[in-house]
Amino acid sequence: MERGMRDDHVFHRDLSKKYPLITHGKGSYLYSEEGTRYLDACSGAVAANLGHGIEEIASAMANQAKRAAFVHTLRFETPVLYKLSEKIARFAPDGLNKVYFTSGGSEANESAIKLARQFHRDAGKPEKHVVIGRWQSYHGNTFGSLSAGGDIKRRQVYTPNLLHFTHIHSPNCLRCPFQRDKGDCDSRQDWSCSTSLEQLILEVGPQNVSAFIAEPITGSQLGSVVPPDNYFKEVRRICDQYDVLLIADEVMTGFGRTGKTFAIEYFDVIPDIITFGKGISAGYAPLAGMIVHDRLIKGLIQNSKGKFVHGYTYSGHPVSVAAGLAVLDIYEREKILENVVEKGNYLLQKLIELKREIPLIFDVRGKGLLLGLEFAADAEGTPFKQDLQITERINEKAIELGAVFYPGSGTINGYLGDHLIVSPPLNSKTNEIDELVHILRKSIKLTIEEIR
Ligand code: PLP
């Protein structure tokens with residue numbers, strides 16, 4: 001196939017770039033038309049959590065497509081829908097028992113924002129509609145989810161279209177927004193990452209605030225930053241005090257990525273809604289959704305005649321749901337969580353060794369197989385110049401060497417440095433982790449040579 005012809009009609013997100021043509025994938029690897037092999041060291045977009053070419057999942061999808069490819073869940077249900085909902089509820093924290101499906105994570109968060117609004121309105125609190133999100137967080141690209149998120153670059157173009165949601169800082173002890181030392185915030189009564197939630201609720205007026213949304217471990221915007229131990233406990237207490245729903249966005253972290261089924265389990269709190277995506281179908285089909293606490297369902301039945309004023313054509317799409325069911329079967333059968341903890345610890349140690357070897361790696365962090373590296377120009381953490389696009393360059397080198405990572409950079413009132421997410425499939429093997437680290441080391445070193 002001729003390259004120029006091939007790309008003519010594809011509207012890529014970045015039309016200035018050329019992309020390798022992938023013809024197939026097997027396990028943790030993708031293969032291009034020319035036969036180049038790429039180690040998928042970021043599971044696509046932290047989604048292809050079991051790697052590629054799994055016959056069992058493909059067959060489950062094909063069988064469902066042959067039986068009933070599409071059933072509108074406004075009128076009918078399917079056996080796979082029952083089974084997957086039951087399984088997800090079994091995995092979810094206590095009290096979260098009803099599952100609402102969407103096609104993607106943005107739609108899932110959109111649904112959660114709407115449910116929070118409807119729940120309060122129908123319970124006689126019609127003013128509650130403002131969502132509080134966090135700067136340097138990401139909840140999706142639809143207008144509601146973009147408004148709740150704090151990704152400055154993605155928000156900028158659409159500012160006039162965004163909803164009037166408000167934001168607090170994301171906790172990031174390495175670059176504390178309140179200039180505190182690590183661990184010196186939990187007991188403080190003045191401004192800190194959790195107390196600022198209370199301050200903002202009071203400023204907006206508790207009668208106006210419907211929900212607070214947060215990623216338990218901040219993914220694409222910060223590069224896998226874990227909050228202080230007590231953060232979510234405080235957040236839960238504040239939400240309860242002001243009747244604000246807590247939405248845990250587990251689109252990236254959910255279904256085992258961090259070594260627990262849901263990352264919020266690390267913090268021992270129960271949210272009102274968990275949104276999920278990516279890992280539920282391991283990227284084999286568009287599938288996402290929200291798991292809703294019994295309390296909200298009870299409210300919906302009592303105050304709204306059981307009707308959620310919302311809906312998508314492809315909600316609970318049988319082929320996607322069949323993929324999800326096959327994926328969860330594999331997660332359970334192959335004890336994937338155990339592999340995530342084991343390989344996550346192994347990879348973390350390797351990355352810490354890499355940091356000792358390469359001083360420009362300023363930080364190594366994360367949980368399970370959602371790990372992040374932050375880069376800085378000196379030991380004090382001064383960011384590289386933004387236009388160097390350091391992690392984009394590292395990733396480009398890695399692609400040339402046969403592996404792909406997930407680069408990003410932070411912005412809030414200006415540029416805050418660069419990170420790289422390392423998130424291989426959850427069933428990765430030790431030799432694949434070794435290969436990943438080898439290519440990463442080389443890519444970083446080549447990049448350093450290039451910018452010197
Ligand atoms: N929420 C989080 C935490 C995410 O990481 C993402 C995607 O990266 C989304 C929401 C949006 O999901 P989607 O791209 O499936 O709409």
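This is a short talk on one sheet, the helices packed on it, and a loop residue beside it in the sequence.

Okay, so keep in mind that we're looking at a predicted model. Let's start with the sheet. It's an open one with seven strands, and if you walk across it you go β4, β10, β9, β8, β7, β5, β6. The pairing is mixed. At the edges you've got β4, residues 96-102, and β6, residues 166-168, and each of those pairs on one side only. Going from one strand to the next, the twist averages 25 degrees.

Now, zoom in on the β4 end. β4 pairs with β10, residues 288-293, in the antiparallel sense, and there are six bridges between them. If you want a pair to click on, take K98: its bridge partner in β10 is V292.

On to the helices. α10, residues 294-303, packs on the sheet and touches β4 and β10. Its direction makes about 85 degrees with that of β10. Then there's α8, residues 195-204, which also packs on the sheet. That helix touches β5 (130-134), β6 and β7 (209-214), and its direction makes about 155 degrees with that of β6.

Last stop: D94, which sits in the loop between α4, residues 79-91, and β4. So, is D94 buried or exposed? It counts as exposed, because it has 8 C-beta neighbours inside 10 Å, and the cut-off for exposed is 12 or fewer. D94 also has a long-range partner to look at: I270 is 176 residues away in sequence, yet the two C-alphas are 7.4 Å apart in space.

Conventions: Residues are numbered from 1 along each chain as its sequence is written. This is a predicted model: local features need pLDDT of at least 70, side-chain atom pairs count only at pLDDT 80 or more; totals for chains, interfaces and linings use all residues. Two strands pair if DSSP finds at least two bridges between them. Helices (H or I, at least four residues) and strands (E, at least two) are DSSP runs, numbered from the N terminus. Axes are lines fitted to C-alpha atoms, for helices over the stretch in contact, and angles run from 0 to 180 degrees between N-to-C directions. Two residues are in contact if their C-beta atoms, placed from the backbone, lie within 7 Å. A residue is buried if 20 or more other C-beta atoms lie within 10 Å of its own, exposed if 12 or fewer, and partly exposed in between; C-beta atoms are placed from the backbone.
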